[in-house]
Amino acid sequence: MGNTKSSALSKELLEDLKSNTKYTEAELCSWYQSFLKECPSGKISKEQFEGIYASFFPKADPTEYARHVFRSFDTNSDGTLDFKEYIVALHLTSGGKTLQKLEWAFALYDVDGNGNISSSEILEIVRSIFNMIPVEDQKNLPEDENTPEKRAEKIWEFFGKKENDKISEGEFIQGVMNNKDILRLIQYDEPQKIKDKLKEKKQ
């Protein structure tokens, strides 16, 4: 383990992560060691984060989506993710309770961080999701959502908004909880093999 404080998780952080995620103490300690090996500074940069996503999507371009995901989890806006931010990101994108997941989804779509979502922000995130879908798979999408514009319009229409309206966090969460179809439209469902690979990478 070494004698440096940084090689072991603090008791406070460990308890915090155990109570706020689904992970066990053994998993968290093991992942922390892996995290320090890859990021000796104890921080992961935006470029490193984008690199992790790129390795999961060799046939697509996840750069924009990874950038938005990174932004939504960089809670102190310092341009890096520390271990806590990284584990919370992992927890919410691969599991997480529905309400937590929707609060994160709202932060993802609220690109400028002003507390509301506009139609242009929805289109921006939906475009980044489409970049991760291989062209061949895009051909199999339903006719009314086979382009970013169509999918974004479908989401916007569901909320009954005019073009220049905004969606608040409360409206967003309530609307998505009441309609599973919208939940499907706003997120990118990572295939199981990606989740498995993510777990392997952290072990």
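Of the 203 residues in this protein, buried residues make up 40%, and I should say straight away that what we are looking at is a predicted model. The protein has twelve helices and four strands, and if we take the contacts with a separation of 6 or more, residues 24 or more positions apart account for 61% of them.

Let me turn to how some of the helices pack. Two packed helices are described by the angle between their axes and the distance between the axes. For helix α3, residues 46-56, and helix α4, the axes come within 9 Å and cross at roughly 130°, and that angle makes α3 oblique to α4. The crossing in which α3 passes α4 is right-handed. On the α3 side the residues are Lys46, Phe49, Glu50 and Tyr53, and they meet Thr63, Tyr65, Ala66, Arg67, Val69 and Phe70 in α4. Sorted by class, this contact of α3 with α4 has six nonpolar residues, one polar residue and three charged residues.

Helix α4, residues 63-73, also packs with helix α6, residues 98-109, and here the axes come within 8 Å and cross at roughly 115°. This crossing, in which α4 passes α6, is right-handed. From α4, the residues Tyr65, His68, Val69, Arg71, Ser72 and Phe73 meet Trp104, Ala107 and Leu108 of α6, and the residues of this contact divide into six nonpolar, two polar and one charged. You may notice that Tyr65 and Val69 of α4 appear in the contact with α3 and again in the contact with α6.

Next, a single residue, Glu85, which is found in helix α5, residues 83-94. Is Glu85 buried or exposed? Its relative accessibility is 7%, and because buried means under 20%, Glu85 counts as buried. Leaving aside the neighbours within four places in sequence, Glu85 is in contact with Phe73, Asp74, Thr75, Asn76 and Thr80, and Phe73 is one of the α4 residues that meet α6. Glu85 and Leu17 are 68 residues apart along the chain, and their C-alpha atoms are separated by 10.0 Å.

I will finish with helix α7, which has twelve residues, 119-130; at 1.5 Å a residue it should span 16 Å, and its end C-alpha atoms are 16 Å apart, which agrees. Which residues of α7 are buried? They are Glu121, Ile122, Leu123, Ile125, Val126, Ser128, Ile129 and Phe130. As a guide when looking at such a list, an α-helix has 3.6 residues a turn, so residues three or four places apart point the same way.

Note on methods:
Residues are numbered from 1 along each chain as its sequence is written. This is a predicted model: local features need pLDDT of at least 70, side-chain atom pairs count only at pLDDT 80 or more; totals for chains, interfaces and linings use all residues. Side-chain values use heavy atoms; hydrogens and water are left out. Helices (H or I, at least four residues) and strands (E, at least two) are DSSP runs, numbered from the N terminus. The expected span of a helix is 1.5 Å times one less than its number of residues. Buried means under 20% relative accessible area, exposed over 50%, partly exposed in between (1.4 Å probe, protein chains only). Axes are lines fitted to C-alpha atoms, for helices over the stretch in contact, and angles run from 0 to 180 degrees between N-to-C directions. A crossing is left-handed if the near helix is turned anticlockwise from the far one by less than a right angle, and right-handed if clockwise. Contact means heavy atoms within 4.5 Å. Ala, Val, Leu, Ile, Met, Phe, Trp, Tyr, Cys and Pro count as nonpolar, Asp, Glu, Lys and Arg as charged, and the others, Gly among them, as polar. Angles under 35 degrees count as roughly parallel, over 145 as roughly antiparallel, 65 to 115 as roughly perpendicular and the rest as oblique.
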